[in-house]
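Here is a set of short exercises to work through with the model open beside you. Try each task on your own before reading its solution.

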Amino acid sequence: QVQLVESGGGLVQPGGSLRLSCAASGSILRINVMGWYRQAPGKQRELVAGLTSGGSTNYADSVKGRFTISRENAKNTVDLQMNSLKPEDTAVYYCYLSVVSTEFRPPRDYWGQGTQVTVSS
């Protein structure tokens, strides 16, 4: 089993910054994909940013140039630096990992508990 613990959400004014962090622990042999998703009230969960083990990144068009995803392999953490925040960024943010725990077994998906980000004046 793998456990994910998120931190860093909160209330921020428009134009401000927040940094989300997600720490993974447990049975981790290899992390294939790390990412951040968000879900606003009444909307579907959407991908915000993704990062593969090879270092490739992808971002939602709405956050390109403002958000940056990064990982620290030694600590199995994935961060999301969010700058120039807008009210429409308000949502619950979830980290996501695709983890291989045992060699020659398929990866499993894990989700964080979610952290609220509110952008408001």
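**Exercise 1. Find which residues Pro107 touches, leaving out residues up to four places away in sequence.**

Solution. Keep in mind that this is a predicted model.
- Step 1: locate the residue. Pro107 sits in the loop between E9 and E10.
- Step 2: list its contacts. With residues up to four places away left out, Pro107 touches Asn32, Ser98, Val99 and Val100.
- Step 3: check its accessibility. Pro107 has 39% relative accessibility and therefore counts as partly exposed, since that class lies between the 20% and 50% cut-offs.
- Step 4: place it relative to Asp79. The two residues are 28 apart in sequence, and their C-alpha atoms are 21 Å apart in space.

**Exercise 2. Describe the surroundings of Asp79: is this residue buried or exposed, and which side chains make polar contacts with its side chain?**

Solution.
- Step 1: Asp79 belongs to strand E8.
- Step 2: its relative accessible area is 14%, so Asp79 is buried, the cut-off being under 20%.
- Step 3: look for polar partners. The side chain of Asp79 meets that of Arg19 in a polar contact of 3.2 Å, and another polar contact, of 2.8 Å, joins Asp79 to the side chain of Ser21.
- Step 4: widen the view. Not counting residues up to four places away in sequence, Asp79 touches Arg19, Leu20, Ser21, Cys22, Trp36, Thr68, Ile69 and Ser70.

**Exercise 3. Cys22 appears among those neighbours; work out which residue forms a disulfide with Cys22 and which parts of the chain the pair links.**

Solution.
- Step 1: count the disulfides. The structure has 1.
- Step 2: identify the pair. Cys22 is bonded to Cys95, with 2.1 Å between the sulfur atoms.
- Step 3: map the ends. Cys22 lies in strand E3 (residues 18-26) and Cys95 in strand E9 (residues 91-100), so this pair links distant parts of the chain, 73 residues apart.
- Step 4: check burial. Cys22 is buried at 1% relative accessibility, and Cys95 is buried at 0%.

**Exercise 4. In the largest nonpolar core, name the residues that touch the most other members and the element that gives the largest share.**

Solution.
- Step 1: recall the general tendency. In soluble globular proteins, nonpolar side chains tend to be buried together.
- Step 2: pick out the best-connected members. The largest nonpolar core has 30 residues, and Trp36, Leu80, Met82, Tyr93 and Leu97 touch the most other members.
- Step 3: trace the elements. Those giving two or more residues to this core include strand E1 (2-7), strand E4 (30-39), strand E5 (46-52) and strand E8 (77-82). The largest share, 5 residues, is from E9.
- Step 4: examine one member. Leaving out residues up to four places away in sequence, Met82 touches Gly16, Ser17, Leu18, Leu20, Arg66, Phe67, Tyr93 and Val117.

**Exercise 5. Follow strand E4: how many bridges pair E4 with E9, and how many pair E4 with E5?**

Solution.
- Step 1: E4 and E9 are antiparallel and pair over 9 bridges. Val33 has Ser98 in E9 as its bridge partner.
- Step 2: E4 and E5 are also antiparallel, pairing over 6 bridges. Here Trp36 is opposite Ala49 in E5.
- Step 3: look at the connection. E4 and E5 make a hairpin with 6 residues between them, and Gly42 in the turn has a positive phi of about 75 degrees.

**Exercise 6. Which residues share a salt-bridge network with Arg38, and which residue pairs with Arg30?**

Solution.
- Step 1: start from the total, which is 6 salt bridges.
- Step 2: find the partners of Arg38. Arg38 forms a salt bridge with Glu46 at 2.7 Å, N to O, and with Asp89 at 3.0 Å between the closest N and O atoms. The pair with Asp89 links strand E4 to the loop between E8 and E9, 51 residues apart. Shared partners join Arg38, Glu46, Arg66 and Asp89 into one network.
- Step 3: compare accessibility. Arg38 and Asp89 are buried, while Glu46 is partly exposed at 34%.
- Step 4: turn to Arg30. Its side chain meets that of Glu103 in a salt bridge of 3.6 Å, N to O. Glu103 is in the loop between E9 and strand E10 (108-111) and Arg30 in strand E4, so the pair ties together parts 73 residues apart in sequence.
- Step 5: check the accessibility of this pair. Glu103, at 39%, is partly exposed, and Arg30, at 36%, is partly exposed too.

Technical notes:
Residues numbered from 1 in each chain as written. Predicted model: local features only at pLDDT ≥ 70, side-chain atom pairs only at ≥ 80, totals over all residues. Heavy atoms only, no water. Disulfide = S-S within 2.5 Å. Helix = DSSP H or I, 4+ residues; strand = E, 2+ residues; numbered from the N terminus. Buried < 20%, exposed > 50% of the residue type's maximum accessible area, 1.4 Å probe, protein only. Core = buried A, V, L, I, M, F, W, Y, C linked by side-chain atoms within 4.5 Å. Contact = heavy atoms within 4.5 Å. Salt bridge = Lys/Arg side-chain N within 4 Å of Asp/Glu carboxyl O. Polar contact = N/O pair within 3.5 Å; in protein donor to acceptor, adjacent residues only side chain to side chain. Pairing = 2+ DSSP bridges.
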